[in-house]
Amino acid sequence: MLEVEGLSVSYGAVQALTDVSLSAAAGSTTAVLGANGAGKSSLLRAISGIAPIGAGCIRLDGQDVTRLSPQARARHGLAHAMEGRRLFRQMNVEENLRLAWSFGARSTPWAAALEDVYARFPILAQKSRIASGLLSGGQQQMVILSCTTIRSPRVLLLDEPSLGLAPLIVRQIYAFIAGFARDSGATVVIAEQMASIALQVADRGCALRRGRVALTGTATELLRGGLAATYL
């Protein structure tokens, strides 16, 4: 379970988050929604330990991790796919996957982990020896998601997984996210501008506006209330 309480983040004189609280149960998916600049990325970066926290606390399964390093949080089972498709672009697909799998504790043998990736994204098996920088944007996002999930994290943070992708690829990406959440029992938090598609796979949603929580509720409540069409 992930708990964020009274979180504030600033970058110098710029206040990115103010008194943000969020609770996400194990086995659930939470959509963090908002326009560009609302504070979505800052929230995920604070949770994973790469943004400065001015106030508040973060707990993973009841343990306070607010002052732990990003590496220590990763050892507690937290994984973060940041915006921007950050890969080792000169390395091929399989080399990127192998590096991600070998980083720290893992529960699945390499061969089984790789087979699972290729079962979910068959195109990556076809592209396994190609440098990641030569892949399409959608294929790179598939590699990013696979690298982030290949060690079976307990908490998965996804920042704008649909950014810059064609609608067909977005559907494939979100089908993967829904399947991972369902099969793994992990806590999944998605920061997303495309509220309608995020809420289709989420259990709950939290809308940010100017760094503050503006609205929370179940995904059904937010969809029925017209959030996807009018709020963002």
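This report walks through the pockets, a buried strand and the salt bridges of a predicted model.

## The largest pocket

Start with the open space. The largest pocket holds about 1,000 Å³. It has 31 lining residues, and those closest to its centre are Ala74, Ala79, His80, Phe103 and Arg151.

Who builds the wall? Helix H2 (70–75), strand S6 (78–81), helix H3 (93–102) and helix H6 (137–149) each put at least two residues into the lining of this pocket. Sorted by class, that lining comes out at 17 nonpolar, nine polar and five charged residues.

## The second largest pocket

Next down the list is a pocket of about 230 Å³. Its lining counts 15 residues, with Asp116, Arg120, Thr149, Ser152 and Phe180 closest to the centre. Helix H4 (110–120), H6 and helix H7 (167–184) are the elements that give two or more residues to this lining, and H4 gives the most, with five.

The class split for the second largest pocket is seven nonpolar, five polar and three charged residues. Keep Asp116 and Arg120 in mind, as both come back in the salt bridge network.

## Strand S7 and its neighbours

Strand S7 covers residues 155–159, and five of its five residues are buried, so the rest of the structure largely encloses it. Both of its faces are covered: Val155, Leu157 and Asp159 are buried on one side, and Leu156 and Leu158 are buried on the other.

S7 has pairing partners in S6 and S8. With S6 it pairs in the parallel sense over four bridges, and Ala81 has Leu158 of S7 as its bridge partner. With strand S8 (residues 187–192) the pairing is also parallel, over five bridges, and here Leu157 stands opposite Val189 of S8. To get from S7 to S8 the chain runs through H7, making a right-handed β-α-β crossover.

## Salt bridges across the sequence

There are eight salt bridges in the structure. Take Asp61 and Arg154, whose closest N and O atoms are 2.0 Å apart. Asp61 sits in the loop between strand S4 (55–60) and strand S5 (63–64), while Arg154 sits in the loop between H6 and S7, so this pair ties together parts 93 residues apart in sequence. Asp61 counts as partly exposed at 45% relative accessibility, and Arg154 is partly exposed too, at 40%.

Arg129 and Glu94 make another of these bridges, with the closest N and O atoms 3.8 Å apart. Arg129 lies in the loop between helix H5 (122–126) and H6, and Glu94 lies in H3, so parts 35 residues apart in sequence are tied together. The two ends of this bridge sit in contrasting surroundings: Arg129 is exposed at 62% relative accessibility, whereas Glu94 is buried at 17%.

## A small charged network

Which residue does Arg120 form a salt bridge with? The partner is Asp183, and the closest N and O atoms are 3.5 Å apart. Arg120 belongs to H4 and Asp183 to H7, so the bridge ties together parts 63 residues apart in sequence. Arg120 is partly exposed, with a relative accessible area of 28%, while Asp183 counts as exposed at 51%.

That bridge is part of something wider: salt bridges with shared partners join Asp116, Arg120, Arg182 and Asp183 into one network. And this leads back to the second largest pocket, where Asp116 and Arg120 are among the lining residues closest to the centre.

Conventions. Residues are numbered from 1 along each chain as its sequence is written. This is a predicted model: local features need pLDDT of at least 70, side-chain atom pairs count only at pLDDT 80 or more; totals for chains, interfaces and linings use all residues. Side-chain values use heavy atoms; hydrogens and water are left out. On a 1 Å grid over the protein atoms alone, a cavity is a set of points where a 1.4 Å probe fits but cannot get out, and a pocket is an open set with protein on both sides within 12 Å along at least five of seven lines; lining residues have an atom within 4 Å of a point. Grid points are joined across faces, edges and corners, and a volume is the space filled by probe spheres set on the points. Ala, Val, Leu, Ile, Met, Phe, Trp, Tyr, Cys and Pro count as nonpolar, Asp, Glu, Lys and Arg as charged, and the others, Gly among them, as polar. Buried means under 20% relative accessible area, exposed over 50%, partly exposed in between (1.4 Å probe, protein chains only). Two strands pair if DSSP finds at least two bridges between them. A crossover is right-handed if, with the strands pointing away from the viewer, the path from the first strand over the helix to the second runs clockwise. A salt bridge is a side-chain nitrogen of Lys or Arg within 4 Å of a carboxyl oxygen of Asp or Glu.
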